[in-house]
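Welcome, and thanks for opening your viewer. Let's take a short walk, one selection at a time.

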Amino acid sequence: MLTPDWPDPSSADPAGKEDGVRELKGLRRRLGHLQERLWADRRFALLVVLQGMDASGKDGTVRHVFSGVNPQGIQVHSFKEPSAEEAAHDFLWRVHQAVPARGWISVFNRSHYEDVLVVRVHGLVAEPVWRRRYEDINAFERGLTDSGVTILKFFLHISRREQHRRFERRLQDPRRHWKFSPSDLKEREHWDAYQEAYADALRECSTPWAPWTVVPADHKWYRNLLVARRVVATLEALDPKFPDLPAGSAPA
Ligand code: AMP
Ligand code: MG
């Protein structure tokens, strides 16, 4: 089911941007504390998957939501076009290596879902091959949760219009040129095919153990807030504990 508990009943909509930004600050602080407990406890790991069209704000979400976390306990992995070595393995191989160990948080900027998105849109493998991958993904994610990894998957959903606006800004602002890639315009031509591929991926791979959350992402502050709320609520539910002193540690 898609985001079964959406909207989050524990948190009312903010009155506006100012409120939202203030709330985010508090959430970031809480996230920092929770991560320390996660690290000390060593029973659980958290995997956050970020997907979305170009310019949907995957990088910005990493920066704004996770900047209060001790860099020692978090890893961010950006998945690009597979290298020759990666391409020579099964599609989950490179992803599995980036899965967080217990105590860690991993953020995936793109993920194994590219293998049913860009790969499908561009016909990089035959349809029966990518169709089977939904099942492979569900089994893979199930196995991870069985070994203590909590998985949160966010689809940052921007409108076509907002993407256009962001591309324009990237083209006009010299400080943003680096963010622009000519291939972005090419991909934009496949907008509808991507939306269809996303709809299928979300439907096929929204499982009780690894649900997708659709995040309205045209407004950056709102996007950050929704992701932060969900990450914090998830860690609070996990409730990692500081371990007790080992026996015999008391000073004589
Ligand atoms: P960016 O996130 O802007 O740095 O771009 C990374 C590019 O790598 C995107 O165009 C992705 O679609 C592409 N990419 C990521 N994973 C795969 C994959 N498994 N197969 C083909 N292209 C991929
Ligand atoms: Mg890009």
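A polar contact here is a pair of N or O atoms within 3.5 Å. Keep that cut-off at hand for ligand 1, where we begin; note too that this is a predicted model.

**Stop one: the ligand and its polar contacts.** Select ligand 1 together with E114: a polar side-chain atom of E114 lies 3.0 Å from an oxygen atom of the ligand. Because the cut-off is 3.5 Å, this pair fits within it. Now add R110, where an N or O atom of the side chain is 2.6 Å from an oxygen atom of ligand 1. Then add D115, whose side chain has an N or O atom 3.2 Å from a nitrogen atom of ligand 1. Switch on a surface next: taken alone, ligand 1 exposes 500 Å², and the protein buries 75% of that.

**Stop two: the whole shell.** Widen the selection to the residues surrounding ligand 1: F79, K80, E81, P82, R94, R110, E114, D115, V118 and V119. Colour them by character, and you should find four nonpolar, no polar and six charged residues.

**Stop three: two helices.** Leave the ligand and select helix α1, residues 17-41, with helix α2, residues 58-66. At what angle do their axes cross? They cross at roughly 75 degrees and come within 8 Å, which means that α1 is roughly perpendicular to α2. To see the contact itself, show the side chains of L24, R28 and L31 in α1, which meet H64, V65 and F66 in α2. The residues of this contact divide into four nonpolar, one polar and one charged.

Key. Residues numbered from 1 in each chain as written. Chains lettered and ligands numbered in written order. Predicted model: local features only at pLDDT ≥ 70, side-chain atom pairs only at ≥ 80, totals over all residues. Heavy atoms only, no water. Axes fitted to C-alpha atoms, helices over the stretch in contact; angles between N-to-C directions. Helix = DSSP H or I, 4+ residues; strand = E, 2+ residues; numbered from the N terminus. Parallel < 35°, antiparallel > 145°, perpendicular 65-115°, else oblique. Contact = heavy atoms within 4.5 Å. Nonpolar A, V, L, I, M, F, W, Y, C, P; charged D, E, K, R; others polar. Near = heavy atom within 4 Å. Polar contact = N/O pair within 3.5 Å; in protein donor to acceptor, adjacent residues only side chain to side chain. Areas by Shrake-Rupley, 256 points an atom, 1.4 Å probe, with all protein chains shown as cover.
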